[in-house]
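Q: Please take a close look at one packed pair of helices in this model. How do the two meet, and what lies around them?

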Amino acid sequence: MSTFIGVLRKKVLAPSLASVGFADRGFPVTHTDATARLEAVPQAVVCGFEWAIEGASLWEIERRLALIEPEQRGFAYEGATMGYSILDAMPGGGRDRTRELLEGPGRPHIFLTYIGIGFAMARLPRPLWKNILPELTGVPYHPVMSWLAVDGYGFDRAYFDTDKWVGEQAEPQPYPWAGRPEYFARAFDQGVGRALWFINGGNPEAGAAAVGRFAEGRRADLWSGVGLAATFAGGADQSGLGKLRQLAGEHYDELALGVVFAVKARTYSSYVPAHTHLAAGVLIDLSVQGAQNLADRTERADGEDGPEPAYELWRQRIRDEFDVAARRRAS
């Protein structure tokens with residue numbers, strides 16, 4: 001049950017549904033059924049955040065989120081994780097809410113709940129980031145996929161401070177996430193790439209043009225974010241996806257990498273919408289099962305003592321699969 005303090009927290013911290021919509025953000029998006037589905041994503045995040053920041057119990061959070069349609073439920077878990085992460089980071093707030101959520105009902109949505117931690121990071125001073133990632137027990141993909149928190153941070157900054165992070169193409173100050181400050185900007189850009197898909201309403205030409213305005217060295221990670229968003233969240237029909245594949249050009253393997261990770265996240269949550277099936281077929285010529293198999297066979301228990309984090313090594317093995325396939329077609 002919400003408390004008076006919880007209601008005040010929601011009033012101060014929770015954005016309105018309108019304020020996260022494309023019109024209020026000033027994004028150049030024409031309203032269609034497809035863009036309405038995209039716009040529902042940040043609104044679902046807000047719903048989850050409101051319930052959590054009020055201080056709702058885990059029992060109540062789980063039952064409220066069960067009322068969200070399956071396609072959007074993972075995004076609502078992002079918002080709930082964001083709210084619990086902020087509560088846990090506040091002075092005197094260390095009650096392990098986030099850990100209990102991620103080990104409990106949020107576990108099928110672990111890929112997205114990491115992103116929710118990133119949303120919280122965007123609203124907290126950096127000194128509070130030190131303990132924001134909970135130690136999880138028995139949760140697959142932890143801590144390898146925790147780089148999605150940095151991805152979430154990048155998405156948030158691009159979506160809510162678009163002039164700076166997209167218009168001016170500002171770069172983040174390094175942070176030693178998982179002891180790897182040199183990789184921080186790359187994971188950040190993967191989130192910016194996801195945001196570009198939303199900011200441009202799933203328009204492949206506009207999204208590709210937005211990526212192309214960034215420095216060459218940043219475009220690969222941006223394209224992987226575009227591929228992930230187009231596959232996980234949708235927004236384009238078969239023709240649009242075909243155009244997106246064409247526009248990726250030399251960064252096709254990065255686009256394909258994003259598709260595979262999106263499929264993995266969807267299948268792990270046990271709900272795969274029609275647009276994810278469509279994207280897998282059009283963008284990488286694979287069924288959802290085929291894309292999941294690719295993700296699974298490239299996953300390994302890499303250590304964290306090499307020059308690259310295990311997260312990036314997994315990404316590289318997926319890219320290699322598409323490079324090999326391209327060479328076979330060319331021969």
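A: **Helix H3 against helix H5**

Arg37, Ala40, Val41, Ala44, Val45, Gly48, Phe49, Ala52 and Ile53 of H3 are in contact (heavy atoms within 4.5 Å) with Glu71, Gln72, Phe75, Ala76, Glu78, Gly79, Ala80, Met82, Gly83, Tyr84, Ile86 and Leu87 of H5. By class, this contact holds 14 nonpolar, four polar and three charged residues, where Ala, Val, Leu, Ile, Met, Phe, Trp, Tyr, Cys and Pro count as nonpolar, Asp, Glu, Lys and Arg as charged, and the others, Gly among them, as polar.

The model is predicted: local features need pLDDT of at least 70, side-chain atom pairs count only at pLDDT 80 or more, and totals for chains, interfaces and linings use all residues. Residues are numbered from 1 along each chain as its sequence is written, and side-chain values use heavy atoms, with hydrogens and water left out.

Helices are DSSP runs (H or I, at least four residues), numbered from the N terminus. The axes of H3 (residues 33–53) and H5 (residues 70–89) come within 6 Å and cross at roughly 40°; H3 is therefore oblique to H5, a term for angles that are not under 35 degrees, over 145, or 65 to 115. Axes here are lines fitted to C-alpha atoms over the stretch in contact, with angles from 0 to 180 degrees between N-to-C directions. The crossing of H3 past H5 is right-handed, the near helix being turned clockwise from the far one by less than a right angle.

Isoleucine 61 touches residues of both helices: leaving aside neighbours within four places in sequence, its contacts are Trp51, Ala52, Ala56, Ala80, Tyr84 and Leu101.

Methods. Helix = DSSP H or I, 4+ residues; strand = E, 2+ residues; numbered from the N terminus.
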